[in-house]
Each structure stands twice: as structure tokens, then as C-alpha cells.
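Visitor: Please take a close look at one helix and what surrounds it. Then carry on to other helices, if they help the picture.

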Amino acid sequence: MKPSDTYVYYCSGHGYGHATRVSAFSCHLLNLREDKRPELYIVSSAPQHVFSEAIARGALYRYADWIDPVIVQPLAYRVDRDKSVQVLKAFLSKKNEFLEVERQWLVETGVRCVLSDAAFLGCLAAKSAGIPSVLITNFTFDSVYSYLSTTFVDEHQAVNNKLHSPSAQHNRESALTDLMVDVPIPSSVLKPLVSQMHQGYRCADLLLLLPGQIPIPSFTSEPCTSLPSYEWVDLKTKRFETDVIEHLNQPCSASTLLPHIPFPANTRLSKKPLERRILQAPLIVRPPSTSPSPYTSEGRAKLLTFIGVPEHLHDPETTKILIVSFGGQIFRKPSRSRNGSRAGSRTHSRSRSKDTNPYKKSQSPVDDQGVGLGLGLSSVTSFGSISSSSSSLSVDDPATKELSTSTELTDHRQINPQPPTSPRLTTSSHIWIPGAPPVSRHASPLLYTKTNPQSPRTSVIGSGLGKEMPTLRTIPPTPMIELEYMSLDAAAEALDNLHVNGEQDSSDSQTQVHTLDPCQCSPEELKKDLGEYFDLPRLLPDDSWIVVVCGVSKEQWEHSSNDHHYGEDSDNDLPDNFYIAPLNVYMPDLLAISDVLLGKLGYGTVSECVDSQTPFVYVSRPLFVEEHGLRMFLEKEGVGVEMEREDYEGGWWADAIEEAVRRDEERFREGGKGRGKKGKRLEEAMVFDERREDVNANGDHQRMNEKMTSFKDPRGMVGIHRRQKEGENLAKHLVQWVEECWAGVDDA
């Protein structure tokens with residue numbers, strides 16, 4: 001048997017989605033039969049354990065934090081344009097050094113194919129080494145950086161800035177939401193930088209185009225797909241231009257491609273012309289577990305118990321689950337444990353296995369410190385020599401202040417690309433979701449009488465309603481009762497003896513009159529009536545919902561643990577219906593049992609929501625051009641509901657959650673099995689005897705029974721088998737393409 005070909009898979013360290021799909025596709029390659037299975041290296045700045053599934057199947061890991069620059073995000077849905085450009089400049093200033101290191105390593109290792117998601121340096125190194133390369137992605141970073149010249153200005157000011165008490169803790173947390181003014185980068189500055197990235201991507205020979213794609217300007221030559229990328233978007237609609245949408249909806253074979261770039265003259269493939277290709281790839285996504293499947297009652301109960309949710313909340317008929325995840329996942333959880341029903345969500349501890357990979361060039365500082373993708377400041381002494389003294393970016397860190405005032409970086413690894421976090425999960429007024437700005441905390445809904453001339457909602461946070469109190473005419477006349485800082489229960493009590501007249505004062509057309517008769521209403525009815533009238537902020541639709549928060553940092557975990565252990569004020573603990581996901585929770589399983597996810601748009605989250613048919617409530621990232629393709633994909637294959645930032649930060653979640661559930665139910669009614677959350681659960685839970693009676697009752701006996709008898713998947717395996725087959729076919733196509741590239745050359 002011939003020895004296995006060696007493939008190298010470069011994985012960008014920017015974002016969770018790159019790592020999860022690289023790991024998933026690596027598994028497909030390594031599951032091929034032995035005579036087709038390649039030896040596979042994964043090269044990335046993402047920590048080794050992110051790729052644990054692929055490594056378990058034989059992948060080799062090599063840490064490298066010099067393969068791509070990253071976009072800097074001061075908040076989960078904000079981009080710091082200036083610092084991002086500084087990072088890019090610093091990276092490109094050493095690009096040739098990085099390139100030579102990779103070229104030499106590829107040649108010495110005897111690599112036959114380079115895969116890249118979506119690091120341009122990998123394609124460039126492959127070309128210089130005379131090796132065919134493949135882009136496997138839905139976007140490229142030349143488009144992302146080019147979009148930083150868009151004239152759209154992200155003017156959002158975090159609503160929580162004005163709402164903290166003047167304590168040191170609150171001042172520190174408030175500083176996390178203080179953002180620099182968003183200023184577009186001139187095209188004249190970006191064009192020469194982006195051009196270098198673009199030329200690197202031009203070196204790729206094959207494009208496996210993932211769903212949720214945007215134009216790939218290094219492959220297609222249509223005018224509507226060329227850079228600059230800000231010309232692709234209509235600023236009025238905040239959507240792609242019509243011709244761009246038409247291009248994205250056409251088959252890959254209809255695209256006109258840019259020509260192949262020849263290999264260097266001193267390489268074996270120099271005289272063999274390769275025809276560039278684009279192939280539409282299926283959804284590459286991690287599968288849920290199989291033993292047991294989260295789609296079974298046993299699997300659901302096991303996962304919820306692992307999270308710490310009490311048994312009486314395990315029934316999907318009576319408990320709905322909202323997952324809140326804004327990225328920045330942390331992969332090694334602290335060892336501290338707790339006891340108690342709610343505290344059980346923080347009691348789980350798993351030891352990290354020893355690193356046994358002898359092929360890794362250097363230990364990842366991210367892995368050592370137990371922080372998330374791209375987190376931490378690295379102290380770089382020389383190229384290829386990286387110290388392990390990473391630290392979490394802190395608002396009070398002198399290094400942070402120095403970086404924020406510096407005009408130029410000398411190394412792209414000197415800056416933290418991810419949002420800083422609060423050291424606590426909660427305060428008396430806010431909930432700090434990891435990776436995102438603080439959310440106003442409402443122990444009970446609040447009423448507020450003062451008027452905010454700018455927005456009816458933005459003054460809600462921590463204070464109350466932020467809209468003018470309506471005129472209430474009472475019989476007999478009663479002095480106006482101000483409801484400032486008053487809970488609904490207190491408001492109902494204050495109005496208990498009022499009989500409110502619904503007559504409109506004809507002398508003043510602006511007078512607002514509301515009919516309430518507390519004497520004839522129960523306290524519950526009055527509370528509901530007041531809540532609906534004043535449009536009060538609600539985090540959740542009702543008390544049947546629970547929340548599972550992902551990505552909690554070690555510092556937040558320990559603060560919450562200490563607060564609970566020492567009996568501190570419960571206002572600083574999570575609300576009763578909130579639970580913390582263990583840091584090593586498997587997200588595909590969590591999404592399988594969830595009813596709605598709230599977060600930011602990214603490939604990893606969108607793909608896993610589509611695969612599990614989980615409705616997605618998202619907060620937009622307007623300066624990420626990739627978002628436009630992901631939104632199109634989500635609207636076609638799943639359910640997506642956009643939530644305004646002010647609503648997220650103000651705690652106005654319930655309306656968007658309810659809308660997502662409504663659309664999801666419509667999707668199921670229109671498509672049935674496999675569509676919508678209910679359809680997905682029916683598909684995965686199908687058992688012949690259980691389903692036959694339901695099908696017969698619908699009067700469509702023969703067709704459905706035939707379909708069922710040909711259905712061989714056990715419960716919870718339908719989607720897994722389908723995605724496995726799609727991924728396996730793509731892996732076979734790739735291996736065949738590599739063989740074609742080298743055909744005739746090996747025999748010469």
C-alpha cells in the first residue's frame with residue numbers, strides 16, 4: 001500500500017466558527033478508508049483542545065500565531081477599525097519572514113496539499129512551495145478588511161454607560177462600554193494592505209464554498225464581486241445589492257473565474273497547468289452526541305443535569321430553554337466547585353488531558369492560560385519564540401492604556417482582538433453576558449415616569465420605563481401618583497382604590513387616557529394590564545423559560561462562586577432562572593435541547609442553529625461584511641430575528657424571543673418533518689411504531705409508510721447520518737482532486 005499523502009490545514013485563529021468547521025471537516029477526511037486517508041496537520045493559533053475530535057482520529061496539531069491577523073473587537077458586535085488596521089500593518093510588515101518559515105516547513109514535511117480556512121498566508125506559502133492549495137470557507141479576510149472603508153458609521157453608544165452608581169466596581173465595568181468614535185478608514189490606506197491579502201488568496205487553486213457565502217473576489221471576475229467590498233452593500237437597506245444577491249444565488253459553474261497562478265519554475269508542478277474550480281460545499285458542522293442523543297429524553301436529562309438544571313425543569317413540554325452565547329468561548333473550566341440546586345450549574349470540573357502531541361512546534365499560550373480563542377496579550381520576544389505570560393485584557397491594565405494610545409504596533413500579537421469582560425457575572429443592576437455589553441437587570445419589572453426626549457427605551461436600564469406617564473382621570477379626582485422606581489406589585493397596590501375613567505378630554509387632544517378598574521380586577525390582572533400598557537422591559541416571555549449562559553470566564557466563575565459561598569447579597573447572583581453552562585459543554589448538544597439562541601451572527605453559531613433548526617435571535621455586527629451572507633443563509637434555511645442593541649442591553653428580549661418562536665412554528669406548519677424545531681425533533685425522534693398511528697390519522701397511509709419503512713436511522717441519528725454522508729462525499733472529491741493535480745508528475 002502506498003504511503004498516505006500529507007495534507008496541512010491552516011485554520012484562522014479569529015473566531016470560534018473557523019476552528020469548529022476545520023475540526024469537523026478534518027474528521028471527514030480522517031474517516032475515509034485507509035488507502036484514501038491522508039496524514040493531516042492542523043496549524044492554528046486556536047488552542048489544541050478545540051480540535052480534540054480531529055486529534056482523536058489522528059490529526060496532528062502545530063501551534064502557530066503568525067499565520068493571520070485578526071479583527072479587533074472592543075465589544076462582541078463592535079469593530080475597532082483603527083486597531084484592526086494597526087494589526088494588519090504589523091502582520092504585513094513581517095509577512096515575508098512568516099512566509100519563509102511556512103514554505104520551508106511545508107517542503108521539509110513533504111506536503112501534497114494545503115487547505116486553508118481562511119488564512120491567506122497558507123495559500124501563499126503553498127504556492128511558493130509548489131503545492132496545490134484549497135480554500136474552504138464562506139468568506140475571505142481581504143473582503144472583511146476592505147469593508148472597514150464603508151461610510152456607514154457605527155454610532156451606537158452603549159445605553160448602560162450612564163446608569164452605574166459611582167462605585168469603583170461600577171466605574172470599572174462602565175469603562176468596558178466606553179467606545180472610541182467609529183471612523184471609516186480611507187480607501188487609500190486600506191487598498192495597498194488589502195491587495196497583499198488578496199494576492200495571497202489568488203494563489204489558491206480550488207475553492208470549496210461553504211453556505212452563508214459572500215463574494216470571493218480572489219476567484220470570481222464579475223464586476224459586482226470585485227473589491228472594495230463596501231460597494232457590495234446598499235447602505236439604505238443594509239443588504240447586498242441586487243446584482244450581488246443574483247451572483248450568490250447562481251450555481252458555482254456559472255461564475256467566470258480569475259486565471260490560475262503558475263507554480264514557481266523550480267517546483268514539480270511548474271509545467272502542469274491547473275484549472276481553477278469552485279465547488280459548492282455542504283454545511284460543515286459538528287454533529288451532536290450519539291450516546292445518548294440529546295434528542296432523546298435520556299440525553300436531554302443528562303445534559304441538563306450536567307448544567308445544574310433541577311429535574312422538574314427537564315420536561316420540554318413545560319420548560320423552554322434560551323441559550324445566550326456571544327462567542328469568546330473558554331475551553332478549560334476552573335476546578336472550583338459548588339453545591340446546591342442552582343449552584344449545581346457551576347460544580348462541574350473536568351481535568352485537562354496531558355498534551356501528548358510531539359509534533360507541536362510550541363505550546364499555545366492560550367492553551368496554557370485556559371482562555372478563549374484569540375484572547376490574551378502575548379509577550380513576543382522574537383519571532384517563533386513566544387512566552388507563556390498571557391494575561392486577560394483589563395480596563396485597568398497599563399498595557400491596555402499604552403496600546404490604546406500607540407499609533408503603530410510592532411507585532412500583530414501585541415493586541416487583544418477580543419472584548420474585555422467584567423470580573424463579575426452580575427451586579428445589582430446588570431448581568432454581564434461574556435463577550436457582550438452589560439444587560440439591564442430587572443429583579444421585577446419597573447415603571448418610570450420621566451420622559452427621555454431621545455428614545456422611548458434607552459432610559460429604561462436600571463431606572464424604569466423611560467416614557468412619559470399617561471394622564472389618569474379618576475373618579476373622584478385624585479392627585480397624580482408618580483410611579484417612579486415602583487414595581488408592578490407596588491403600582492397595583494397604589495392604584496388599588498382608583499377607578500380610572502376612560503373619557504378623552506376634548507380640550508386637549510394630547511391627553512392620554514387609559515381605562516383601568518382596579519376594584520374589579522385581581523392583582524394579577526391589574527399587573528398584566530399595567531405591564532402591557534407601559535410596555536415594560538422583559539427578559540423572558542414568561543416563567544416557563546430558563547436561560548443558559550455560555551462562555552463564562554474563570555474570573556467571573558470564581559467571583560460568582562465566592563459570592564454564593566459567603567452568602568453575599570443575592571442581587572449579585574444570577575436570577576433564579578439563569579444557569580451557567582460548564583466551560584466544556586458541547587454546543588451542538590446544547591442547541592439540540594434549546595428552543596431559541598441569542599447571540600451574534602457567526603458561521604459556527606449559524607451553522608449549528610440551522611443544523612439543529614434552533615431559532616436564532618441575533619444582534620447585528622454591521623461592520624462585518626460576512627454577516628450579510630450569513631443572514632441570507634439563515635433566512636433561507638432557518639429562523640433569524642434581529643434584535644436591536646438597545647433592546648439587548650436594555651433587557652427587552654422577550655418580544656424577539658416570542659417572534660422567533662412564532663416564525664419557527666410557522667416554518668414547521670409549512671414544511672413539516674425536519675423543518676422548524678418541532679419538525680427537527682420529530683425527525684430525530686422518529687420510531688416506526690410511534691409514528692405510524694399519527695401518519696395514518698392524517699390519511700396519507702401508503703406514501704408515508706413507504707418512506708418510514710425505508711428509514712433506517714435510530715433515534716437521534718437522522719441529521720448525523722445525513723451530514724456525515726455529505727461531508728464524506730466532499731472529502732472524497734477533495735482527495736480525488738489532489739490525485740488529479742499530481743497525476744503524471746509522480747511518474748515523470
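Guide: What follows goes through three spots, one helix at a time. The model is predicted.

Start with helix α18, residues 626-637. It has 12 residues. At 1.5 Å a residue they should span 16 Å. The end C-alpha atoms are 17 Å apart, which agrees. Several α18 residues are buried: E626, E627, H628, G629, L630, R631, F633 and L634. What lies over them? The cover of these buried residues includes two helix and strand neighbours in sequence, α17 (603-612) and β22 (616-619). It also includes β23 (640-642), β7 (233-234) and β8 (239-240).

Next, a single residue in another helix. R21 sits in helix α1, residues 16-30. Is R21 buried or exposed? Its relative accessible area is 2%. The cut-off for buried is under 20%, so R21 counts as buried. The R21 side chain makes a polar contact with the side chain of N138, at 3.0 Å. Beyond its neighbours within four places in sequence, R21 also touches D117, I136, T137, F139, L210, I284 and Y603.

Last, a helix pair. Helix α21 spans residues 676-684, and helix α24 spans residues 718-742. Their axes come within 8 Å and cross at roughly 90°. Angles of 65 to 115 degrees count as roughly perpendicular, so α21 and α24 are roughly perpendicular to each other. On the α21 side, the contact involves K680, E683 and E684. On the α24 side, V718, G719 and R722 meet them. By class, this contact has four charged residues, one polar and one nonpolar.

Note on methods: Residues are numbered from 1 along each chain as its sequence is written. This is a predicted model: local features need pLDDT of at least 70, side-chain atom pairs count only at pLDDT 80 or more; totals for chains, interfaces and linings use all residues. Side-chain values use heavy atoms; hydrogens and water are left out. Axes are lines fitted to C-alpha atoms, for helices over the stretch in contact, and angles run from 0 to 180 degrees between N-to-C directions. Helices (H or I, at least four residues) and strands (E, at least two) are DSSP runs, numbered from the N terminus. Angles under 35 degrees count as roughly parallel, over 145 as roughly antiparallel, 65 to 115 as roughly perpendicular and the rest as oblique. Contact means heavy atoms within 4.5 Å. Ala, Val, Leu, Ile, Met, Phe, Trp, Tyr, Cys and Pro count as nonpolar, Asp, Glu, Lys and Arg as charged, and the others, Gly among them, as polar. The expected span of a helix is 1.5 Å times one less than its number of residues. Buried means under 20% relative accessible area, exposed over 50%, partly exposed in between (1.4 Å probe, protein chains only). A polar contact is a pair of N or O atoms within 3.5 Å; within protein, one must be able to donate a hydrogen and the other to accept it, and residues adjacent in sequence count only if both atoms are side-chain atoms.
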